[in-house]
Amino acid sequence: MTALFNRLVEAARIAWVSFKLYTVSDIIRGKSGIISLAGISLWLILIILPVSLFANPQIGLGRVAAFIFGGILVFNVYSVATWDWAWEIRKLINYNVLEHLIASGKSPLMVYLGLIPVSLIWLLMIIILGYGVVNVFVAQPEIVISDLKLLILAFTLLIIVVLSYALVLASTILISGTSGAIVEIFSWVLPLATGGFIPLSLMPESLRTLALLTPFSYPAELLRKALNIYEPILPTNTMFIIGYIYGLAFLTFSITLFKLGIRKTLKEGLKTLSAW
Amino acid sequence: MLKRFISLVRAEYMFVAAEIIRRKTILFALILWPYIIMAFIVLLGSSMGTMSYFQQKTGANPILFFITGSFLLIVSLIFFDEISSRFWYDEFIGTLPYIMIAPTSKTMLALAMGFPRLIINILVGLSSLIPVYFILKSFPGLVEALIVIALSIFSALTFSTLAIIFSSLVLISGGGWRVLSIIRPLIMLISGVLYPRFLLPLTIKFFTIIFPLANSVEAIQLFLVQEGLTAYSLMLLGLATALALLYAPVSIRSLRIWEHRILIKGAKT
(Lines give C-alpha, C1' and ligand atoms only; values in the text may rest on other atoms or scores of the structure.)
Protein backbone atom coordinates (compact mmCIF):
# COMPACT_ATOMS: atom_id res chain seq x y z
CA MET A 1 0.00 0.00 0.00
CA THR A 2 2.82 2.37 0.97
CA ALA A 3 4.69 1.42 -2.20
CA LEU A 4 1.66 2.25 -4.32
CA PHE A 5 1.23 5.57 -2.49
CA ASN A 6 4.91 6.40 -3.04
CA ARG A 7 4.59 5.61 -6.73
CA LEU A 8 1.55 7.86 -7.01
CA VAL A 9 3.37 10.69 -5.23
CA GLU A 10 6.34 10.22 -7.56
CA ALA A 11 4.04 10.25 -10.61
CA ALA A 12 2.40 13.45 -9.37
CA ARG A 13 5.83 15.04 -8.80
CA ILE A 14 6.96 14.17 -12.37
CA ALA A 15 3.65 15.45 -13.76
CA TRP A 16 4.02 18.73 -11.86
CA VAL A 17 7.66 19.22 -12.92
CA SER A 18 6.82 18.43 -16.56
CA PHE A 19 3.84 20.78 -16.43
CA LYS A 20 5.99 23.60 -15.04
CA LEU A 21 8.72 23.03 -17.62
CA TYR A 22 6.33 22.86 -20.58
CA THR A 23 4.37 25.89 -19.35
CA VAL A 24 7.55 27.94 -19.06
CA SER A 25 9.02 26.81 -22.38
CA ASP A 26 5.86 26.70 -24.51
CA ILE A 27 3.61 29.40 -23.07
CA ILE A 28 5.66 31.85 -21.00
CA ARG A 29 9.19 31.89 -22.44
CA GLY A 30 8.31 30.99 -26.04
CA LYS A 31 7.65 34.33 -27.72
CA SER A 32 5.88 32.42 -30.42
CA GLY A 33 2.48 32.38 -28.74
CA ILE A 34 0.90 35.38 -30.42
CA ILE A 35 2.57 34.67 -33.77
CA SER A 36 1.39 31.06 -33.64
CA LEU A 37 -2.16 32.16 -32.87
CA ALA A 38 -2.04 34.66 -35.75
CA GLY A 39 -0.76 31.92 -38.07
CA ILE A 40 -3.49 29.53 -36.95
CA SER A 41 -6.18 32.15 -37.52
CA LEU A 42 -4.86 32.75 -41.05
CA TRP A 43 -4.96 28.99 -41.77
CA LEU A 44 -8.50 28.85 -40.43
CA ILE A 45 -9.57 31.73 -42.67
CA LEU A 46 -7.91 29.99 -45.61
CA ILE A 47 -9.98 26.84 -45.08
CA ILE A 48 -13.20 28.49 -43.87
CA LEU A 49 -13.60 30.86 -46.83
CA PRO A 50 -13.68 28.22 -49.61
CA VAL A 51 -15.82 25.87 -47.51
CA SER A 52 -18.40 28.61 -46.98
CA LEU A 53 -18.87 28.84 -50.77
CA PHE A 54 -20.71 25.50 -50.69
CA ALA A 55 -23.26 26.69 -48.17
CA ASN A 56 -26.91 26.36 -49.04
CA PRO A 57 -28.36 29.90 -48.90
CA GLN A 58 -31.54 28.46 -47.36
CA ILE A 59 -29.63 27.13 -44.34
CA GLY A 60 -28.98 29.99 -41.99
CA LEU A 61 -25.42 31.28 -41.81
CA GLY A 62 -25.48 30.60 -38.06
CA ARG A 63 -25.95 26.87 -38.75
CA VAL A 64 -23.13 26.92 -41.32
CA ALA A 65 -20.93 28.71 -38.78
CA ALA A 66 -21.80 26.09 -36.16
CA PHE A 67 -20.77 23.33 -38.58
CA ILE A 68 -17.47 25.05 -39.30
CA PHE A 69 -16.84 25.70 -35.61
CA GLY A 70 -17.49 22.00 -34.81
CA GLY A 71 -14.95 21.06 -37.51
CA ILE A 72 -12.38 23.50 -36.10
CA LEU A 73 -12.87 22.08 -32.61
CA VAL A 74 -12.36 18.46 -33.66
CA PHE A 75 -9.55 19.22 -36.12
CA ASN A 76 -7.56 21.10 -33.50
CA VAL A 77 -7.93 18.30 -30.97
CA TYR A 78 -6.50 15.93 -33.61
CA SER A 79 -3.72 18.43 -34.41
CA VAL A 80 -2.75 18.65 -30.76
CA ALA A 81 -2.63 14.85 -30.58
CA THR A 82 -0.47 14.66 -33.69
CA TRP A 83 1.89 17.61 -33.36
CA ASP A 84 2.02 18.09 -29.57
CA TRP A 85 1.82 14.55 -28.28
CA ALA A 86 3.00 12.11 -30.96
CA TRP A 87 5.64 14.49 -32.32
CA GLU A 88 6.93 15.09 -28.79
CA ILE A 89 8.56 11.64 -28.88
CA ARG A 90 10.63 12.77 -31.86
CA LYS A 91 11.74 15.84 -29.89
CA LEU A 92 12.55 13.75 -26.83
CA ILE A 93 14.67 11.45 -28.98
CA ASN A 94 16.45 14.19 -30.91
CA TYR A 95 17.27 16.20 -27.76
CA ASN A 96 18.48 13.02 -25.99
CA VAL A 97 15.83 13.41 -23.30
CA LEU A 98 14.25 10.02 -23.89
CA GLU A 99 17.52 8.23 -23.14
CA HIS A 100 17.77 10.06 -19.80
CA LEU A 101 14.14 9.28 -19.03
CA ILE A 102 14.63 5.57 -19.72
CA ALA A 103 17.89 5.55 -17.75
CA SER A 104 16.12 7.18 -14.76
CA GLY A 105 13.78 4.21 -14.59
CA LYS A 106 10.68 6.36 -15.13
CA SER A 107 8.13 5.71 -17.82
CA PRO A 108 8.38 8.24 -20.69
CA LEU A 109 4.58 8.38 -20.51
CA MET A 110 4.93 10.37 -17.27
CA VAL A 111 5.98 13.37 -19.37
CA TYR A 112 2.51 13.38 -20.92
CA LEU A 113 0.92 13.97 -17.53
CA GLY A 114 2.55 17.40 -17.57
CA LEU A 115 2.27 18.03 -21.30
CA ILE A 116 -1.45 17.31 -21.68
CA PRO A 117 -2.67 20.20 -19.44
CA VAL A 118 -0.37 22.62 -21.31
CA SER A 119 -1.77 21.39 -24.63
CA LEU A 120 -5.31 21.78 -23.32
CA ILE A 121 -4.60 25.42 -22.38
CA TRP A 122 -3.34 25.95 -25.97
CA LEU A 123 -6.36 24.15 -27.33
CA LEU A 124 -8.69 26.39 -25.38
CA MET A 125 -6.96 29.49 -26.76
CA ILE A 126 -7.18 28.15 -30.33
CA ILE A 127 -10.87 27.25 -29.93
CA ILE A 128 -11.66 30.75 -28.66
CA LEU A 129 -9.68 32.17 -31.58
CA GLY A 130 -11.50 29.84 -34.00
CA TYR A 131 -14.84 30.99 -32.63
CA GLY A 132 -13.78 34.59 -33.21
CA VAL A 133 -12.59 33.92 -36.75
CA VAL A 134 -15.82 32.10 -37.68
CA ASN A 135 -17.78 34.92 -36.09
CA VAL A 136 -16.02 37.55 -38.20
CA PHE A 137 -15.81 35.68 -41.53
CA VAL A 138 -19.05 33.65 -41.55
CA ALA A 139 -21.50 34.39 -38.73
CA GLN A 140 -21.99 33.79 -35.04
CA PRO A 141 -22.11 29.99 -34.66
CA GLU A 142 -25.54 28.78 -33.53
CA ILE A 143 -24.26 26.68 -30.66
CA VAL A 144 -26.23 25.78 -27.58
CA ILE A 145 -24.84 23.55 -24.85
CA SER A 146 -27.82 21.26 -24.59
CA ASP A 147 -26.31 18.95 -22.00
CA LEU A 148 -23.22 20.02 -20.00
CA LYS A 149 -22.64 16.52 -18.55
CA LEU A 150 -22.72 15.02 -22.05
CA LEU A 151 -20.34 17.73 -23.29
CA ILE A 152 -17.78 16.97 -20.56
CA LEU A 153 -18.07 13.21 -21.09
CA ALA A 154 -17.86 13.54 -24.89
CA PHE A 155 -14.80 15.81 -24.65
CA THR A 156 -13.14 13.39 -22.19
CA LEU A 157 -13.83 10.52 -24.59
CA LEU A 158 -12.37 12.55 -27.45
CA ILE A 159 -9.20 13.17 -25.42
CA ILE A 160 -8.92 9.45 -24.54
CA VAL A 161 -9.27 8.48 -28.20
CA VAL A 162 -6.84 11.07 -29.57
CA LEU A 163 -4.34 10.33 -26.80
CA SER A 164 -4.44 6.67 -27.83
CA TYR A 165 -4.00 7.72 -31.46
CA ALA A 166 -1.02 9.89 -30.46
CA LEU A 167 0.54 6.95 -28.61
CA VAL A 168 0.09 4.72 -31.67
CA LEU A 169 1.84 7.35 -33.81
CA ALA A 170 4.56 7.80 -31.18
CA SER A 171 5.07 4.03 -31.06
CA THR A 172 5.38 3.99 -34.86
CA ILE A 173 8.03 6.69 -34.60
CA LEU A 174 9.88 4.62 -31.99
CA ILE A 175 9.61 1.35 -33.87
CA SER A 176 10.22 2.40 -37.46
CA GLY A 177 11.97 5.77 -37.29
CA THR A 178 9.87 8.80 -38.04
CA SER A 179 7.99 9.61 -41.16
CA GLY A 180 6.59 13.12 -41.09
CA ALA A 181 4.83 12.62 -44.41
CA ILE A 182 2.72 9.76 -43.12
CA VAL A 183 2.00 11.56 -39.84
CA GLU A 184 0.92 14.64 -41.78
CA ILE A 185 -1.32 12.70 -44.17
CA PHE A 186 -2.88 10.88 -41.21
CA SER A 187 -3.59 14.18 -39.50
CA TRP A 188 -5.67 15.32 -42.51
CA VAL A 189 -7.25 12.07 -43.60
CA LEU A 190 -8.23 10.62 -40.25
CA PRO A 191 -10.58 13.34 -38.99
CA LEU A 192 -12.13 13.56 -42.43
CA ALA A 193 -12.66 9.83 -42.95
CA THR A 194 -13.89 9.12 -39.45
CA GLY A 195 -16.54 11.77 -39.09
CA GLY A 196 -14.45 14.35 -37.26
CA PHE A 197 -15.69 17.17 -39.46
CA ILE A 198 -18.85 15.88 -41.02
CA PRO A 199 -21.81 14.36 -39.16
CA LEU A 200 -21.99 10.65 -40.00
CA SER A 201 -25.54 10.95 -41.32
CA LEU A 202 -24.25 13.31 -44.05
CA MET A 203 -21.46 10.97 -45.11
CA PRO A 204 -21.70 8.39 -47.91
CA GLU A 205 -22.88 4.97 -46.70
CA SER A 206 -19.54 3.17 -47.19
CA LEU A 207 -17.54 5.92 -45.46
CA ARG A 208 -20.09 6.01 -42.63
CA THR A 209 -19.64 2.26 -42.00
CA LEU A 210 -15.87 2.73 -42.07
CA ALA A 211 -16.14 5.63 -39.62
CA LEU A 212 -18.27 3.58 -37.22
CA LEU A 213 -15.64 0.84 -37.26
CA THR A 214 -13.12 3.29 -35.76
CA PRO A 215 -13.23 4.71 -32.24
CA PHE A 216 -12.93 8.28 -33.57
CA SER A 217 -16.48 8.74 -34.80
CA TYR A 218 -18.21 8.27 -31.42
CA PRO A 219 -16.81 11.24 -29.45
CA ALA A 220 -17.23 13.53 -32.49
CA GLU A 221 -20.92 12.60 -32.84
CA LEU A 222 -21.52 13.00 -29.10
CA LEU A 223 -19.77 16.37 -29.09
CA ARG A 224 -21.97 17.60 -31.95
CA LYS A 225 -25.03 16.40 -30.05
CA ALA A 226 -23.91 18.15 -26.84
CA LEU A 227 -23.37 21.41 -28.73
CA ASN A 228 -26.67 21.03 -30.57
CA ILE A 229 -24.90 21.06 -33.94
CA TYR A 230 -26.26 17.77 -35.30
CA GLU A 231 -28.07 14.65 -34.07
CA PRO A 232 -25.91 11.49 -33.86
CA ILE A 233 -26.57 8.61 -36.21
CA LEU A 234 -27.25 6.16 -33.35
CA PRO A 235 -29.12 6.76 -30.08
CA THR A 236 -26.98 8.84 -27.69
CA ASN A 237 -26.76 6.12 -25.03
CA THR A 238 -25.64 3.50 -27.54
CA MET A 239 -23.02 5.87 -28.94
CA PHE A 240 -21.87 6.67 -25.43
CA ILE A 241 -21.49 3.03 -24.30
CA ILE A 242 -19.82 1.80 -27.50
CA GLY A 243 -17.62 4.91 -27.57
CA TYR A 244 -16.29 4.46 -24.06
CA ILE A 245 -15.71 0.68 -24.38
CA TYR A 246 -13.98 1.19 -27.73
CA GLY A 247 -12.01 4.22 -26.50
CA LEU A 248 -10.68 2.46 -23.39
CA ALA A 249 -9.78 -0.64 -25.41
CA PHE A 250 -7.93 1.59 -27.88
CA LEU A 251 -6.08 3.26 -24.98
CA THR A 252 -5.02 -0.13 -23.58
CA PHE A 253 -3.83 -1.22 -27.02
CA SER A 254 -1.87 2.00 -27.58
CA ILE A 255 -0.14 1.82 -24.16
CA THR A 256 0.83 -1.80 -24.88
CA LEU A 257 2.17 -0.81 -28.31
CA PHE A 258 4.12 2.06 -26.76
CA LYS A 259 5.68 -0.29 -24.21
CA LEU A 260 6.63 -2.62 -27.08
CA GLY A 261 8.26 0.35 -28.82
CA ILE A 262 10.26 1.17 -25.69
CA ARG A 263 11.28 -2.50 -25.34
CA LYS A 264 12.45 -2.52 -28.97
CA THR A 265 14.37 0.71 -28.34
CA LEU A 266 16.10 -0.87 -25.34
CA LYS A 267 17.24 -3.75 -27.56
CA GLU A 268 18.22 -1.78 -30.67
CA GLY A 269 19.03 1.68 -29.35
CA LEU A 270 17.47 4.96 -30.47
CA LYS A 271 17.44 5.94 -34.12
CA THR A 272 18.41 9.40 -35.30
CA LEU A 273 15.19 10.81 -36.58
CA SER A 274 14.49 13.13 -39.41
CA ALA A 275 11.22 14.96 -39.85
CA TRP A 276 10.75 13.76 -43.42
CA MET B 1 27.48 32.63 -65.83
CA LEU B 2 24.67 30.58 -67.38
CA LYS B 3 26.92 27.51 -67.38
CA ARG B 4 27.63 28.05 -63.69
CA PHE B 5 23.91 28.46 -62.95
CA ILE B 6 23.04 25.26 -64.83
CA SER B 7 25.70 23.32 -62.92
CA LEU B 8 24.21 24.66 -59.67
CA VAL B 9 20.71 23.58 -60.73
CA ARG B 10 22.12 20.16 -61.66
CA ALA B 11 23.79 19.83 -58.25
CA GLU B 12 20.60 20.87 -56.48
CA TYR B 13 18.60 18.46 -58.62
CA MET B 14 20.88 15.55 -57.68
CA PHE B 15 20.47 16.51 -54.03
CA VAL B 16 16.66 16.68 -54.20
CA ALA B 17 16.33 13.57 -56.38
CA ALA B 18 18.56 11.58 -54.03
CA GLU B 19 16.46 12.69 -51.08
CA ILE B 20 13.22 11.67 -52.78
CA ILE B 21 14.62 8.31 -53.89
CA ARG B 22 15.91 7.68 -50.36
CA ARG B 23 12.71 8.81 -48.67
CA LYS B 24 9.88 7.50 -50.76
CA THR B 25 7.35 8.83 -48.28
CA ILE B 26 8.09 12.33 -49.64
CA LEU B 27 7.10 11.23 -53.13
CA PHE B 28 4.06 9.47 -51.73
CA ALA B 29 3.05 12.63 -49.84
CA LEU B 30 3.66 14.86 -52.87
CA ILE B 31 1.42 12.74 -55.09
CA LEU B 32 -1.30 12.43 -52.48
CA TRP B 33 -1.25 16.04 -51.24
CA PRO B 34 -3.41 17.71 -53.97
CA TYR B 35 -6.02 14.96 -53.60
CA ILE B 36 -6.10 15.34 -49.82
CA ILE B 37 -6.63 19.11 -49.93
CA MET B 38 -9.27 18.77 -52.65
CA ALA B 39 -11.13 15.99 -50.81
CA PHE B 40 -10.87 17.85 -47.54
CA ILE B 41 -12.49 21.04 -48.80
CA VAL B 42 -15.02 19.44 -51.16
CA LEU B 43 -16.25 16.92 -48.57
CA LEU B 44 -16.38 19.49 -45.81
CA GLY B 45 -18.13 22.00 -48.06
CA SER B 46 -20.59 19.43 -49.41
CA SER B 47 -21.66 18.55 -45.88
CA MET B 48 -23.11 22.04 -45.46
CA GLY B 49 -24.45 22.57 -48.96
CA THR B 50 -23.92 21.21 -52.42
CA MET B 51 -21.37 21.50 -55.19
CA SER B 52 -23.91 23.31 -57.35
CA TYR B 53 -23.99 26.25 -54.90
CA PHE B 54 -20.23 26.52 -55.30
CA GLN B 55 -20.59 26.41 -59.07
CA GLN B 56 -23.27 29.11 -58.96
CA LYS B 57 -21.00 31.41 -56.96
CA THR B 58 -17.72 30.86 -58.80
CA GLY B 59 -18.67 29.43 -62.18
CA ALA B 60 -16.17 26.58 -61.74
CA ASN B 61 -16.54 22.90 -61.01
CA PRO B 62 -15.38 22.59 -57.36
CA ILE B 63 -13.41 19.40 -57.96
CA LEU B 64 -11.47 20.98 -60.83
CA PHE B 65 -11.14 24.23 -58.91
CA PHE B 66 -9.64 22.66 -55.79
CA ILE B 67 -7.43 20.04 -57.46
CA THR B 68 -5.98 22.90 -59.51
CA GLY B 69 -5.80 25.15 -56.44
CA SER B 70 -3.97 22.57 -54.34
CA PHE B 71 -1.53 21.85 -57.17
CA LEU B 72 -0.98 25.60 -57.54
CA LEU B 73 -0.32 25.82 -53.81
CA ILE B 74 2.52 23.33 -54.06
CA VAL B 75 4.03 24.76 -57.23
CA SER B 76 3.71 28.46 -56.45
CA LEU B 77 5.37 28.31 -53.07
CA ILE B 78 8.39 26.33 -54.27
CA PHE B 79 10.84 29.25 -54.37
CA PHE B 80 9.59 30.75 -51.12
CA ASP B 81 9.63 27.42 -49.26
CA GLU B 82 12.98 26.28 -50.57
CA ILE B 83 14.90 29.51 -50.03
CA SER B 84 13.51 30.43 -46.62
CA SER B 85 13.57 26.95 -45.16
CA ARG B 86 16.84 25.71 -46.66
CA PHE B 87 19.06 28.59 -45.50
CA TRP B 88 17.28 28.56 -42.14
CA TYR B 89 17.80 24.78 -41.84
CA ASP B 90 21.47 25.21 -42.78
CA GLU B 91 21.78 27.72 -39.97
CA PHE B 92 20.02 25.31 -37.59
CA ILE B 93 22.26 22.33 -38.38
CA GLY B 94 25.43 24.45 -38.53
CA THR B 95 26.25 24.18 -42.23
CA LEU B 96 25.46 27.81 -43.09
CA PRO B 97 29.04 29.04 -42.39
CA TYR B 98 30.32 26.59 -45.03
CA ILE B 99 27.76 27.83 -47.54
CA MET B 100 28.67 31.45 -46.80
CA ILE B 101 32.38 30.91 -47.37
CA ALA B 102 31.79 29.07 -50.66
CA PRO B 103 32.61 31.31 -53.66
CA THR B 104 29.16 30.67 -55.23
CA SER B 105 26.84 33.67 -55.36
CA LYS B 106 24.11 33.22 -52.76
CA THR B 107 21.59 34.89 -55.06
CA MET B 108 22.40 32.43 -57.80
CA LEU B 109 22.22 29.57 -55.32
CA ALA B 110 18.85 30.77 -54.07
CA LEU B 111 17.50 30.91 -57.60
CA ALA B 112 18.89 27.46 -58.36
CA MET B 113 17.23 25.96 -55.27
CA GLY B 114 13.69 26.23 -56.58
CA PHE B 115 14.17 24.65 -60.01
CA PRO B 116 14.67 20.98 -59.07
CA ARG B 117 11.49 20.86 -57.01
CA LEU B 118 9.67 22.78 -59.73
CA ILE B 119 10.66 20.07 -62.21
CA ILE B 120 9.63 17.31 -59.79
CA ASN B 121 6.32 19.01 -59.13
CA ILE B 122 5.46 18.86 -62.81
CA LEU B 123 5.15 15.13 -62.13
CA VAL B 124 2.72 15.98 -59.33
CA GLY B 125 0.68 17.88 -61.90
CA LEU B 126 0.71 14.84 -64.17
CA SER B 127 -0.45 12.58 -61.35
CA SER B 128 -3.10 14.91 -59.98
CA LEU B 129 -4.48 17.21 -62.68
CA ILE B 130 -4.39 14.83 -65.64
CA PRO B 131 -6.44 11.98 -64.09
CA VAL B 132 -9.05 14.33 -62.61
CA TYR B 133 -9.38 16.48 -65.75
CA PHE B 134 -9.58 13.34 -67.90
CA ILE B 135 -12.30 11.76 -65.75
CA LEU B 136 -14.38 14.95 -65.70
CA LYS B 137 -13.78 16.22 -69.24
CA SER B 138 -12.51 13.26 -71.23
CA PHE B 139 -9.83 13.93 -73.92
CA PRO B 140 -10.25 17.73 -74.13
CA GLY B 141 -9.49 17.64 -70.40
CA LEU B 142 -6.01 16.28 -71.12
CA VAL B 143 -5.12 19.34 -73.18
CA GLU B 144 -6.63 21.64 -70.56
CA ALA B 145 -4.64 19.92 -67.79
CA LEU B 146 -1.41 20.38 -69.73
CA ILE B 147 -2.19 24.06 -70.29
CA VAL B 148 -2.95 24.49 -66.56
CA ILE B 149 0.34 22.78 -65.65
CA ALA B 150 2.22 25.09 -68.03
CA LEU B 151 0.42 28.15 -66.59
CA SER B 152 1.20 26.97 -63.06
CA ILE B 153 4.91 26.79 -63.87
CA PHE B 154 4.67 30.24 -65.38
CA SER B 155 2.92 31.34 -62.22
CA ALA B 156 5.69 29.96 -59.97
CA LEU B 157 8.39 31.58 -62.10
CA THR B 158 6.75 35.00 -62.13
CA PHE B 159 6.28 34.77 -58.37
CA SER B 160 9.90 33.74 -57.77
CA THR B 161 11.28 37.28 -57.45
CA LEU B 162 8.68 38.37 -54.89
CA ALA B 163 9.12 34.97 -53.18
CA ILE B 164 12.82 35.76 -52.76
CA ILE B 165 11.89 39.09 -51.12
CA PHE B 166 9.57 37.26 -48.70
CA SER B 167 12.22 34.62 -48.05
CA SER B 168 14.77 37.34 -47.30
CA LEU B 169 12.30 38.88 -44.84
CA VAL B 170 11.98 35.52 -43.08
CA LEU B 171 15.75 35.06 -43.00
CA ILE B 172 16.56 38.63 -41.93
CA SER B 173 13.91 38.58 -39.19
CA GLY B 174 15.48 35.43 -37.71
CA GLY B 175 11.99 34.34 -36.76
CA GLY B 176 12.23 31.01 -38.56
CA TRP B 177 9.07 28.92 -38.58
CA ARG B 178 7.16 31.55 -36.61
CA VAL B 179 7.43 34.09 -39.42
CA LEU B 180 6.99 31.34 -42.03
CA SER B 181 3.74 30.29 -40.40
CA ILE B 182 2.37 33.81 -40.89
CA ILE B 183 3.70 34.60 -44.36
CA ARG B 184 2.80 31.23 -45.92
CA PRO B 185 -0.99 31.31 -45.31
CA LEU B 186 -0.99 35.04 -46.04
CA ILE B 187 0.49 34.40 -49.51
CA MET B 188 -2.10 31.68 -50.12
CA LEU B 189 -4.93 33.93 -49.00
CA ILE B 190 -3.86 36.91 -51.10
CA SER B 191 -3.07 34.80 -54.16
CA GLY B 192 -6.59 33.40 -54.26
CA VAL B 193 -5.60 29.79 -54.91
CA LEU B 194 -8.40 28.44 -52.72
CA TYR B 195 -10.77 31.40 -52.71
CA PRO B 196 -11.27 33.37 -55.94
CA ARG B 197 -9.91 36.90 -55.87
CA PHE B 198 -13.11 38.45 -57.20
CA LEU B 199 -14.91 37.38 -54.01
CA LEU B 200 -12.38 39.02 -51.69
CA PRO B 201 -13.23 42.37 -50.05
CA LEU B 202 -12.44 45.34 -52.29
CA THR B 203 -9.50 46.64 -50.21
CA ILE B 204 -7.74 43.25 -50.23
CA LYS B 205 -8.58 42.79 -53.91
CA PHE B 206 -6.96 46.12 -54.71
CA PHE B 207 -3.85 45.13 -52.76
CA THR B 208 -3.54 41.84 -54.68
CA ILE B 209 -2.96 43.66 -57.98
CA ILE B 210 0.71 44.14 -57.06
CA PHE B 211 1.00 40.43 -56.34
CA PRO B 212 2.15 38.54 -59.48
CA LEU B 213 0.82 35.22 -58.15
CA ALA B 214 -2.69 36.61 -57.63
CA ASN B 215 -2.81 37.77 -61.26
CA SER B 216 -1.59 34.50 -62.76
CA VAL B 217 -3.84 32.46 -60.46
CA GLU B 218 -6.85 34.49 -61.59
CA ALA B 219 -5.87 33.83 -65.21
CA ILE B 220 -5.78 30.08 -64.47
CA GLN B 221 -9.14 30.19 -62.70
CA LEU B 222 -10.66 32.11 -65.61
CA PHE B 223 -9.25 29.45 -67.93
CA LEU B 224 -11.11 26.82 -65.90
CA VAL B 225 -14.40 28.70 -66.25
CA GLN B 226 -14.08 29.93 -69.84
CA GLU B 227 -12.02 27.00 -71.14
CA GLY B 228 -9.72 29.39 -72.97
CA LEU B 229 -7.46 32.39 -72.56
CA THR B 230 -9.25 35.69 -73.08
CA ALA B 231 -7.65 39.08 -73.68
CA TYR B 232 -8.20 39.88 -69.99
CA SER B 233 -6.40 36.67 -68.96
CA LEU B 234 -3.46 37.53 -71.21
CA MET B 235 -3.37 40.99 -69.67
CA LEU B 236 -3.17 39.37 -66.22
CA LEU B 237 -0.31 37.13 -67.33
CA GLY B 238 1.47 40.14 -68.81
CA LEU B 239 0.98 42.04 -65.56
CA ALA B 240 2.45 39.12 -63.61
CA THR B 241 5.51 39.11 -65.87
CA ALA B 242 5.99 42.87 -65.58
CA LEU B 243 5.73 42.71 -61.78
CA ALA B 244 8.19 39.81 -61.65
CA LEU B 245 10.72 41.89 -63.59
CA LEU B 246 10.02 44.90 -61.39
CA TYR B 247 10.71 42.95 -58.22
CA ALA B 248 13.87 41.28 -59.57
CA PRO B 249 16.39 43.97 -58.51
CA VAL B 250 14.69 44.30 -55.10
CA SER B 251 14.85 40.53 -54.56
CA ILE B 252 18.58 40.41 -55.35
CA ARG B 253 19.17 43.37 -53.04
CA SER B 254 17.14 41.84 -50.19
CA LEU B 255 19.04 38.57 -50.36
CA ARG B 256 22.33 40.49 -50.35
CA ILE B 257 21.21 42.37 -47.23
CA TRP B 258 20.66 39.04 -45.50
CA GLU B 259 24.03 37.74 -46.71
CA HIS B 260 25.73 40.94 -45.51
CA ARG B 261 24.10 40.63 -42.08
CA ILE B 262 25.27 37.03 -41.75
CA LEU B 263 28.81 38.06 -42.72
CA ILE B 264 28.83 40.85 -40.13
CA LYS B 265 27.07 39.07 -37.27
CA GLY B 266 28.12 35.48 -38.04
CA ALA B 267 25.83 32.50 -38.44
CA LYS B 268 24.21 31.25 -35.27
CA THR B 269 24.11 27.52 -34.70
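How many residue pairs are in polar contact across the interface of chain A and chain B? Keep that in mind while you look around; this is a predicted model.

**Stop 1: the interface.** Colour chain A and chain B separately, then select the residues where they meet. You should pick up 38 residues of chain A in contact with 41 residues of chain B. Now for the opening question: the rule finds 3 residue pairs in polar contact here, counting pairs with both residues at pLDDT 80 or more. Salt bridges across this interface come to 0. The area buried between the two chains is about 3700 Å², and carbon and sulfur atoms give 82% of that.

**Stop 2: chain A's side.** Next, select α2 (32-52), α3 (61-94) and α7 (180-193) of chain A, the elements that give two or more residues to the side touching chain B. Linger on α2(A), which gives the most, with 14 residues. Try colouring this side of chain A by class: you'll find 29 nonpolar, 8 polar and 1 charged residues.

**Stop 3: helix α9 of chain A.** Leave the interface and select residues 217-226 of chain A. Is this helix largely enclosed or left open? Here 9 of the 10 residues are buried, so α9(A) is largely enclosed by the rest of the structure. Among the buried ones are A:Tyr218, A:Leu222 and A:Leu223, and also A:Glu221 and A:Arg224. To see what covers them, show α3, α6 (148-176), α8 (205-212) and α10 (236-268) of chain A, which are included in the cover.

**Last stop.** Click on A:Asn228, which follows α9(A). Its phi is positive, near 60°.

Methods. Residues are numbered from 1 along each chain as its sequence is written. Chains are lettered from A and ligands numbered from 1 in the order in which they are written. This is a predicted model: local features need pLDDT of at least 70, side-chain atom pairs count only at pLDDT 80 or more; totals for chains, interfaces and linings use all residues. Side-chain values use heavy atoms; hydrogens and water are left out. Contact means heavy atoms within 4.5 Å. Buried area is the accessible area (1.4 Å probe) that two parts lose on being put together, summed over both. A salt bridge is a side-chain nitrogen of Lys or Arg within 4 Å of a carboxyl oxygen of Asp or Glu. A polar contact is a pair of N or O atoms within 3.5 Å; within protein, one must be able to donate a hydrogen and the other to accept it, and residues adjacent in sequence count only if both atoms are side-chain atoms. Helices (H or I, at least four residues) and strands (E, at least two) are DSSP runs, numbered from the N terminus. Ala, Val, Leu, Ile, Met, Phe, Trp, Tyr, Cys and Pro count as nonpolar, Asp, Glu, Lys and Arg as charged, and the others, Gly among them, as polar. Buried means under 20% relative accessible area, exposed over 50%, partly exposed in between (1.4 Å probe, protein chains only).
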